[in-house]
Amino acid sequence: DVTEIEEKEAQAKQEEQIIKEQELSNLLHEKRYLKALGLAISLDRPHTVLTVVKAILKEPEGRRHLEENIARLRKDQKEAVLGFLVTWNTNSRNCHEAQAVLETLLKHETPDNLLQLSGVKSAVESLLPYT
């Protein structure tokens with residue numbers, strides 16, 4: 001019978017998730033946005049990533065801080081953010097943040113680097129009608 005083992009594993013995963021969410025909350029409170037972005041992306045939380053982006057943009061020199069943080073993300077994190085911003089861009093409440101992130105990616109990535117991101121072609125096709 002493996003029921004008990006599976007329950008323990010599920011409980012351990014749930015506890016780990018709660019710890020990560022608390023850490024994310026602390027990072028936002030401490031304004032450690034790069035780590036908060038990375039953690040939110042790793043948790044696959046588009047809304048939380050959007051919350052972090054909004055928090056960065058509210059800061060003085062927000063655009064510059066956003067550019068610095070987005071530029072420091074790894075390739076896989078940039079791919080995830082690109083996927084998230086496609087969804088954000090379809091909602092008028094979030095389109096400004098999506099456009100700010102998109103602008104940052106377009107400014108700081110070479111065309112060759114952008115083409116290497118997985119899903120970039122479908123993302124561009126999805127962004128065109130709303131941009």
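Helices α5 and α8 are roughly parallel to each other, because angles under 35 degrees count as such and their axes cross at roughly 15°. That pair is a pleasant place to start a tour of this structure, which is a predicted model.

**The α5 and α8 pair**

Helix α5 covers residues 75-89 and helix α8 covers residues 120-127, and their axes come within 10 Å. The crossing of these two helices is left-handed. On the α5 side, the contact is made by Leu82, Leu85, Val86 and Asn89, while α8 brings Val120, Ala123, Ser126 and Leu127. Sorted by class, the residues of this contact are six nonpolar and two polar, with no charged ones.

**The chain as a whole**

Stepping back, the protein chain has eight helices and zero strands. Its pattern along the sequence reads α-α-α-α-α-α-α-α. If you like to set up a box, the C-alpha trace spans about 55 × 35 × 30 Å along its principal axes.

The UniProt record, in an unreviewed entry, places the feature "domain: U3 small nucleolar RNA-associated protein 13 C-terminal" at residues 21-131. In the model, residues 21-131 are 77% helix and 0% strand. The C-alpha atoms at the two ends of that span lie 32 Å apart.

**From α1 into α2**

Helix α1 takes in residues 3-29, which makes 27 residues. From its first C-alpha to its last it reaches 39 Å, close to the 39 Å expected at 1.5 Å a residue. What does the backbone do just after α1? There, Lys31 takes a positive phi of about 60°, although Lys31 is not a glycine. This residue sits in the loop between α1 and α2.

On the other side of that loop, α2 packs against α1 at an angle of about 150°, with the two axes 8 Å apart. Angles over 145 degrees count as roughly antiparallel, so α1 and α2 are roughly antiparallel to each other. Their crossing is left-handed. In this packing, Lys20, Glu23, Leu24, Leu27 and Leu28 of α1 meet Tyr33, Lys35, Ala36, Leu39 and Ala40 of α2. By class, the contact of α1 with α2 has seven nonpolar and three charged residues, and no polar ones.

**From α2 into α3**

Next along come helix α2, at residues 33-42, and helix α3, at residues 46-58. Their axes come within 8 Å and cross at roughly 165°. The pair α2 and α3 is therefore roughly antiparallel, and the crossing is left-handed. Tyr33, Ala36, Leu37, Ala40 and Ile41 of α2 make the contact with Thr48, Val49, Val52, Val53, Ala55 and Ile56 of α3. How many residues of each class does this contact have? The contact of α2 with α3 has ten nonpolar residues, one polar residue and no charged residues.

Tyr33, Ala36 and Ala40 of α2 appear in the contact with α1 and also in the contact with α3.

Beyond α3 there is another backbone feature to check. Glu61 has a positive phi of about 60° although it is not a glycine. Glu61 is found in the loop between α3 and α4, the latter being residues 62-71.

**The three packed pairs side by side**

Two packed helices are described by the angle between their axes and the distance between the axes. Here are those values for the pairs discussed above.

| Helix pair | Axis angle | Axis distance |
|---|---|---|
| α1 and α2 | about 150° | 8 Å apart |
| α2 and α3 | roughly 165° | within 8 Å |
| α5 and α8 | roughly 15° | within 10 Å |

How values were computed. Residues are numbered from 1 along each chain as its sequence is written. This is a predicted model: local features need pLDDT of at least 70, side-chain atom pairs count only at pLDDT 80 or more; totals for chains, interfaces and linings use all residues. Side-chain values use heavy atoms; hydrogens and water are left out. Helices (H or I, at least four residues) and strands (E, at least two) are DSSP runs, numbered from the N terminus. The expected span of a helix is 1.5 Å times one less than its number of residues. Axes are lines fitted to C-alpha atoms, for helices over the stretch in contact, and angles run from 0 to 180 degrees between N-to-C directions. Angles under 35 degrees count as roughly parallel, over 145 as roughly antiparallel, 65 to 115 as roughly perpendicular and the rest as oblique. A crossing is left-handed if the near helix is turned anticlockwise from the far one by less than a right angle, and right-handed if clockwise. Contact means heavy atoms within 4.5 Å. Ala, Val, Leu, Ile, Met, Phe, Trp, Tyr, Cys and Pro count as nonpolar, Asp, Glu, Lys and Arg as charged, and the others, Gly among them, as polar. UniProt positions are given in the numbering used here, feature names are shortened, and annotations may be inferred rather than shown by experiment.
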